[in-house]
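Here are a few short exercises to work through with the model open beside you. Try each task before reading its solution.

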Amino acid sequence: MPFTEKLLTVPPPIEVAGRWGGAAAGQPVLGCPDRDPTHFVRPGLPWIGCVWELPPILHERDAWVRHMLTPDVPDLDAYLADRLPEGTTGDRS
């Protein structure tokens with residue numbers, strides 16, 4: 001099977017995919033100049049994501065372990081087909 005890139009996507013209305021950019025607002029400890037929750041800045045720190053982005057990252061890690069590292073024979077097709085269930089990552093129901 002030829003290599004196929006697996007992009008992480010977020011359902012609408014958020015329009016991002018693949019890579020994450022970071023922003024913070026109202027948090028001086030993260031480098032924000034004030035406490036205004038609408039004044040976003042890009043922190044100069046190497047963050048990987050916010051709490052809402054971490055579930056898809058965890059899912060990808062677990063899918064890689066489940067399909068590529070754990071079985072006796074890695075199954076790339078199963079990894080590429082493994083998808084996070086639809087819905088928001090913050091849904092706790």
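Accessible areas here come from the Shrake-Rupley method with a 1.4 Å probe. Please keep in mind that this is a predicted model.

**Exercise 1. The whole chain**

Task: Find how much accessible surface the chain has, and what part of this surface belongs to carbon and sulfur atoms.

Solution:
- Begin with the total: the accessible surface of the chain is about 7,600 Å².
- Carbon and sulfur atoms hold 60% of that surface.
- Now turn to burial, where the cut-off is under 20% relative accessible area. Of the 93 residues, 17% count as buried.
- For the fold outline, count two helices and two strands, which follow the pattern β-β-α-α along the sequence.
- Finally, take the contacts with a separation of 6 or more: residues 24 or more positions apart account for 25% of them.

**Exercise 2. Helix H1**

Task: Check the span of helix H1 against its number of residues, then work out where its buried residues lie around the axis.

Solution:
- Helix H1 covers residues 54-69, which makes 16 residues.
- The expected span is 1.5 Å times one less than the number of residues, so H1 should span 22 Å.
- The C-alpha atoms at its ends are 21 Å apart, in agreement with that expectation.
- Next, list the buried residues of H1: Pro56, His59, Glu60, Ala63, His67 and Met68.
- These residues cover an arc of only 120° around the axis, so they sit on the same side of H1.
- Look for their cover, and you will find that it includes helix H2 (76-81).

**Exercise 3. Alanine 23**

Task: Decide whether alanine 23 is buried or exposed, and find which residues it touches beyond four places away in sequence.

Solution:
- Locate alanine 23 in the segment before strand S1 (24-25).
- Its relative accessibility is 53%, and exposed means over 50%, so alanine 23 counts as exposed.
- Leaving out residues up to four places away, alanine 23 touches Phe40, Val41 and Pro43.
- For one of these, valine 41, the C-alpha to C-alpha distance from alanine 23 is 5.5 Å, across 18 residues of sequence.

**Exercise 4. A surface patch**

Task: Which residues form a nonpolar patch on the surface, and what is their accessible area together?

Solution:
- Start from valine 51, in the loop between strand S2 (40-41) and H1.
- Valine 51 has a relative accessible area of 58%, so this residue is exposed.
- Add Trp52 and Leu54 to Val51 to complete the patch.
- Together, the three residues have about 330 Å² of accessible area.

Definitions and conventions. Residues are numbered from 1 along each chain as its sequence is written. This is a predicted model: local features need pLDDT of at least 70, side-chain atom pairs count only at pLDDT 80 or more; totals for chains, interfaces and linings use all residues. Side-chain values use heavy atoms; hydrogens and water are left out. Helices (H or I, at least four residues) and strands (E, at least two) are DSSP runs, numbered from the N terminus. Buried means under 20% relative accessible area, exposed over 50%, partly exposed in between (1.4 Å probe, protein chains only). The arc is that of the directions from the helix axis to the C-beta atoms. Contact means heavy atoms within 4.5 Å. Patches are made of residues with over 30% relative accessible area and no salt bridge: like charges are joined within 9 Å, nonpolar side chains (Val, Leu, Ile, Met, Phe, Trp, Tyr) within 5 Å. A salt bridge is a side-chain nitrogen of Lys or Arg within 4 Å of a carboxyl oxygen of Asp or Glu.
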